[in-house]
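Work through the exercises below with the model open in your viewer. Try each task before reading its solution.

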Amino acid sequence: MTDDTRPPRTARFYIVCIGVGLLAGLMSGLFGVGGGTVIVPLLVLLLGFDQRFAAGTSLAAIVPTASVGVITYAIDGHVAWIPALILAAGAVGGAQIGTWLLPKISQTALRWAFVVFLVGVIVSLYFVIPSRDAELELTWTTGPGLLALGIVTGILAGLLGVGGGIIVVPALLLLFGTSDLIARGTSLLMMIPTAVSGTVGNLRRSNVDLRAAACVGIAACTTTALGASLAKIVDPFVGNVLFSIFLVFIAAQMAVKAVRGRHQR
């Protein structure tokens, strides 16, 4: 996206960016996701960003958003620091594999497979209620498991452009039996190095609107702590229900992309 095709810097531009940031920050704090699943479609829909440019801008905005979220969760001890770094290491490596596989695999088939995966997660969230006392212990078993989860997350991020939290949070809940709060705090921490790495690459390719990213990111920081605070007072089952509704939104987005991709073939 060149300077000529970027949206004009009008009052509407800044108002939209702030509004998108406020919503993304709330979702990020509440569900432990980066907020890109909210930021990208709204930048495309409301400001006319192309998909790639919106994704690059969103990734830059996620850095301050996730940082505030981590601090909020860490205050009450709801961040597993070493496991998050293991996840991040796997995700950074996996993203390279994902981008390498991107031209070799049918995007439509992948998207439908991811929709099926999300439906399975949504159903399971109504049967598995996380314990608020459950920890994420680092053992000889969970360590390699976290690394594998990070790699899978990175691959899917590279292939589908989905945020890590959409995969990591339910995986930590369902596969590792982690507290919902620790799953969210750990997910947010994992995103920071991943988002920084991706943003550096996007800056080199001029694939970031820094003004939009700054507006979205700063606005998001004002509501991320609110979302995290709400997550702490919401009953775990209610939290699962809210997260499942959010995942329905993501699955619907992915299904629409899959249908469009098939029609374009």
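The exercises go from the whole chain to helix pairs and then to single residues. Keep in mind that this is a predicted model.

**Exercise 1. The chain as a whole**

Task: State how many helices and strands the chain has, and decide how compact the chain is for its length.

Solution:
- Step 1. Count the elements. The chain has ten helices and zero strands.
- Step 2. Write the order. From the N terminus, the elements read α-α-α-α-α-α-α-α-α-α.
- Step 3. Compare the radius of gyration with the globule rule. The chain gives 17 Å, and the rule gives 18 Å for 265 residues. The two values are close, so the chain is as compact as a globular protein of that length.
- Step 4. Add the box. Along the principal axes, the C-alpha atoms fill roughly 55 × 40 × 30 Å.

**Exercise 2. Burial and contact range**

Task: Find what percentage of the residues is buried, and what share of the contacts with a separation of 6 or more joins residues 24 or more positions apart.

Solution:
- Step 1. Apply the burial cut-off, under 20% relative accessible area. Of the 265 residues, 52% are buried.
- Step 2. Take the contacts with a separation of 6 or more. Residues 24 or more positions apart account for 84% of them.

**Exercise 3. Helix 6 against helix 7**

Task: Classify the packing of helix 6 and helix 7, then describe the residues that make the contact.

Solution:
- Step 1. Locate the pair. Helix 6 covers residues 142–160 and helix 7 covers residues 164–174.
- Step 2. Read the geometry. The angle is about 150°, and the axes lie 9 Å apart.
- Step 3. Apply the cut-off. Angles over 145 degrees count as roughly antiparallel. Helix 6 and helix 7 are therefore roughly antiparallel to each other.
- Step 4. Give the handedness. Helix 6 and helix 7 cross in a right-handed sense.
- Step 5. List the contact. Helix 6 brings L146, L149, T153 and L156, while helix 7 brings G164, I167, V168, A171 and L172.
- Step 6. Sort by class. This contact of helix 6 with helix 7 has seven nonpolar residues, two polar and no charged.

**Exercise 4. Helix 4 against helix 6**

Task: Describe the crossing of helix 4 and helix 6 and the classes of the residues in contact.

Solution:
- Step 1. Read the geometry. Helix 4, residues 81–101, packs on helix 6 at about 35°, with the axes 5 Å apart.
- Step 2. Give the handedness. The crossing of helix 4 and helix 6 is right-handed.
- Step 3. Look at the contact. From helix 4 it includes G90, A91, G94 and G98; among the partners in helix 6 are G143, G150, G154 and G158.
- Step 4. Sort by class. The contact of helix 4 with helix 6 holds 13 nonpolar, eight polar and no charged residues.

**Exercise 5. Three single residues**

Task: Decide whether A171, A183 and T199 are buried or exposed, and name what each touches beyond four places in sequence.

Solution:
- Step 1. Start with A171 in helix 7. Its relative accessibility is 9%, so A171 counts as buried. A171 touches L149 and F176. A171 and V121 are 50 residues apart in sequence, with C-alpha atoms 8.7 Å apart.
- Step 2. Go on to A183 in helix 8. At 0% relative accessibility, A183 is buried. A183 touches V169, L172, L173 and T178.
- Step 3. Finish with T199, found in helix 8, residues 180–204. T199 has a relative accessible area of 10% and is buried. T199 is in contact with L59, A60 and V63.

Note on methods:
Residues are numbered from 1 along each chain as its sequence is written. This is a predicted model: local features need pLDDT of at least 70, side-chain atom pairs count only at pLDDT 80 or more; totals for chains, interfaces and linings use all residues. Side-chain values use heavy atoms; hydrogens and water are left out. Axes are lines fitted to C-alpha atoms, for helices over the stretch in contact, and angles run from 0 to 180 degrees between N-to-C directions. Helices (H or I, at least four residues) and strands (E, at least two) are DSSP runs, numbered from the N terminus. Angles under 35 degrees count as roughly parallel, over 145 as roughly antiparallel, 65 to 115 as roughly perpendicular and the rest as oblique. A crossing is left-handed if the near helix is turned anticlockwise from the far one by less than a right angle, and right-handed if clockwise. Contact means heavy atoms within 4.5 Å. Ala, Val, Leu, Ile, Met, Phe, Trp, Tyr, Cys and Pro count as nonpolar, Asp, Glu, Lys and Arg as charged, and the others, Gly among them, as polar. The radius of gyration is taken over C-alpha atoms; the globule rule is 2.2 Å times the number of residues to the power 0.38. Buried means under 20% relative accessible area, exposed over 50%, partly exposed in between (1.4 Å probe, protein chains only).
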